[in-house]
Amino acid sequence: MAIDYSQLIPNNVDLASDRRLQRALENWQPRFLDWWKDMGPDGTLNFDVYLRTAISAEANGWANFGYVKMPEYRWGIFLAGRDPNRVIAYGDNKGKPVWQEVPGELRSTLRRLIVTQGDTEPASVEQQRLLGKTAPSLYDLRNLFQINVEEGRHLWAMVYLLHAYFGRDGREEAEALLERHSGDPDKPRILGAFNEQTPDWLSFFMFTFFTDRDGKYQLASLAESGFDPLARSCRFMLTEEAHHMFVGETGISRIIQRTCELMKEHKTDDVRALGAIDLPTMQKYLNFHFSVSLDLFGQEASTNAANYYTMGVKGRFLETRIDDDHLLTDSSYEIETIEEGRIVRKAVPALQALNERLRQDYIEDCARGVLRWNKIIEKAGVNFEMKLPHRGFDRRIGAFTGARISPDGKVLSEAEWKANEAKWLPTDEDRAYVTSLMGPAVVQPGKFAHWIAPPARGINGQPADFEYVRFN
Ligand code: BYC
């Protein structure tokens, strides 16, 4: 179904047929726009940006590209198409038709999951608020804004569910989503990673590679939900999410490429003297963003996760493709944990280990990206290998909290940790150096900051020197 853009809120959920819901969302819309103006990309209200806008939820041809003034972006509500035969694929309700309304006993659980998901979306926009000032090119600036508007749309997706299915509580939660703010000491965002800063473009690319990828795995699990409107919302969100991870992966690739070029050209490892980002510093940023993102999967052994699964509200990654009983009541799963100061593998009931299993899927996906980065380094003839640190490294949530684990998975004393921390995590000096490379924004089409290579190709078949953003 094509989207009718003459409506105040473009949608494919037949909003016009439910006046109350439409009015409630039209009431929320100006508050969203106020939030966007206050907390969204700073100083951009007049820019024309070459953006993609969702125009249908069909697999082919769902997006339209063109110049948009960002506050006039049409944030709409799109759900993937409904499969009338869809049944719940797992848990106690396996085989039963999916729910089109919220079952009473699952109301607070579902609301909580939707709020947690929804909370991350505006949080990331807040975190990225100032990055436009230091964009390394118009191409990158456009990608930043594309991600920002789509995170805004993902907020809309969750707010729609709250308004449509959770009555007054849902409307209150939708308000609160605009009241919590990233890093706010009094009203912080719900999950840890979303209260960290994204002060520079190396952090931004690491964030979109690692933290947006948590988004991919969480959305994929929620796309298996027995609550069909949630599943369908997440399915469509995943379509947009792919570009965000692409921006992260290729952003890091381009920095690596530039660094390696300079290392070869000047026959030196000391690329800081040449105004580039050295590979050890990139490794430290990787360590930080990976471990912060691992925390987003929750506890290794979690009764919450077991309950979500048993009740049919949150499945596993690609649940229907897994060849087992989809009940998990009789199986176990090995997790790594720490016992008496040692890292041990231990079998726990599979139902409780669902967060860890998802984290494992995620780690394998991250590892594939790191492999691609290493290919660039290898091809350049540079002797360096990027590595994912051990899953216990610098964790704040789960079994490894409080333990000191080295990147290669050894349990350390506090003194050993302290002696090495500056080798493994960005120091104030590293951050200051990376910050010193940032900005002012490079705004001539086709020009790129010194520390990053141009992309292999532009957006939507446009050349790299296309005028992706027009400043008015
Ligand atoms: N920070 O039993 P556990 C994205 C809490 S990213 C703070 O393991 P559960 C995006 C937890 O709430 C995807 N608290 O919990 C990316 C629980 O609290 P209670 C976002 C945390 O529920 C980039 C307690 O610890 N979507 O889309 O199994 C840009 C016990 O833990 C954290 C979702 O997360 C943490 N990191 O798992 C834009 C999906 N971790 O019950 C967007 C929805 C755990 O003791 N959320 N806790 O009060 C969920 O599925 C689950 O809430 C979690 C936590 C997987 C996050």
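This short presentation covers the ligand site of the structure above and then several points of its backbone.

Good morning, colleagues. Please keep in mind that the model is predicted.

I shall begin with the ligand. Its surroundings comprise 30 residues, and the closest of them are Gln117, Gln299, Ser302, Lys314 and Asn355. By class, this shell contains 13 polar, 10 nonpolar and 7 charged residues.

Three side chains deserve individual mention. Lysine 314 places a side-chain N or O atom 2.6 Å from an oxygen atom of the ligand. For arginine 112, the distance from a polar side-chain atom to a ligand oxygen atom is 3.0 Å. Tyrosine 308 likewise has a polar side-chain atom 3.0 Å from an oxygen atom of the ligand. As for burial, the ligand on its own has 1100 Å² of accessible area, and the protein covers 82% of it.

Which pocket does the ligand take? The ligand occupies the space of the largest pocket. Two or more residues of the shell are contributed by each of the elements α2 (107-127), α5 (201-222) and α8 (303-311). Of these contributions, α2 provides the largest share, with 7 residues.

I turn now to the backbone, starting with helix α9. This helix runs over residues 354-379, 26 residues in total. At 1.5 Å a residue it should span 38 Å, and because its end C-alpha atoms are 38 Å apart, the model agrees with that expectation. After α9 comes glycine 381, which has a positive phi near 75°.

A positive phi also occurs at a residue that is not a glycine: lysine 267, with a value of about 50°. Where is lysine 267 located? Lysine 267 belongs to the loop that joins α6 (228-266) and α7 (279-295).

My last item is a peptide bond. Between glycine 439 and proline 440 the bond is cis, and its omega is near -15°. Proline 440 sits in the loop between α11 (428-437) and β5 (469-470).

To close, I return to the ligand site: the protein covers 82% of the ligand's accessible area, and α2 gives the largest share of the shell. Thank you for your attention.

Notes
Residues are numbered from 1 along each chain as its sequence is written. This is a predicted model: local features need pLDDT of at least 70, side-chain atom pairs count only at pLDDT 80 or more; totals for chains, interfaces and linings use all residues. Side-chain values use heavy atoms; hydrogens and water are left out. A residue is near a molecule or strand if one of its heavy atoms lies within 4 Å of it. A polar contact is a pair of N or O atoms within 3.5 Å; within protein, one must be able to donate a hydrogen and the other to accept it, and residues adjacent in sequence count only if both atoms are side-chain atoms. Accessible areas come from the Shrake-Rupley method with a 1.4 Å probe; for residues, only the protein chains shown count as cover. On a 1 Å grid over the protein atoms alone, a cavity is a set of points where a 1.4 Å probe fits but cannot get out, and a pocket is an open set with protein on both sides within 12 Å along at least five of seven lines; lining residues have an atom within 4 Å of a point. A molecule sits in a cavity or pocket if more than half of its atoms lie within 2 Å of its grid points. Helices (H or I, at least four residues) and strands (E, at least two) are DSSP runs, numbered from the N terminus. Ala, Val, Leu, Ile, Met, Phe, Trp, Tyr, Cys and Pro count as nonpolar, Asp, Glu, Lys and Arg as charged, and the others, Gly among them, as polar. The expected span of a helix is 1.5 Å times one less than its number of residues.
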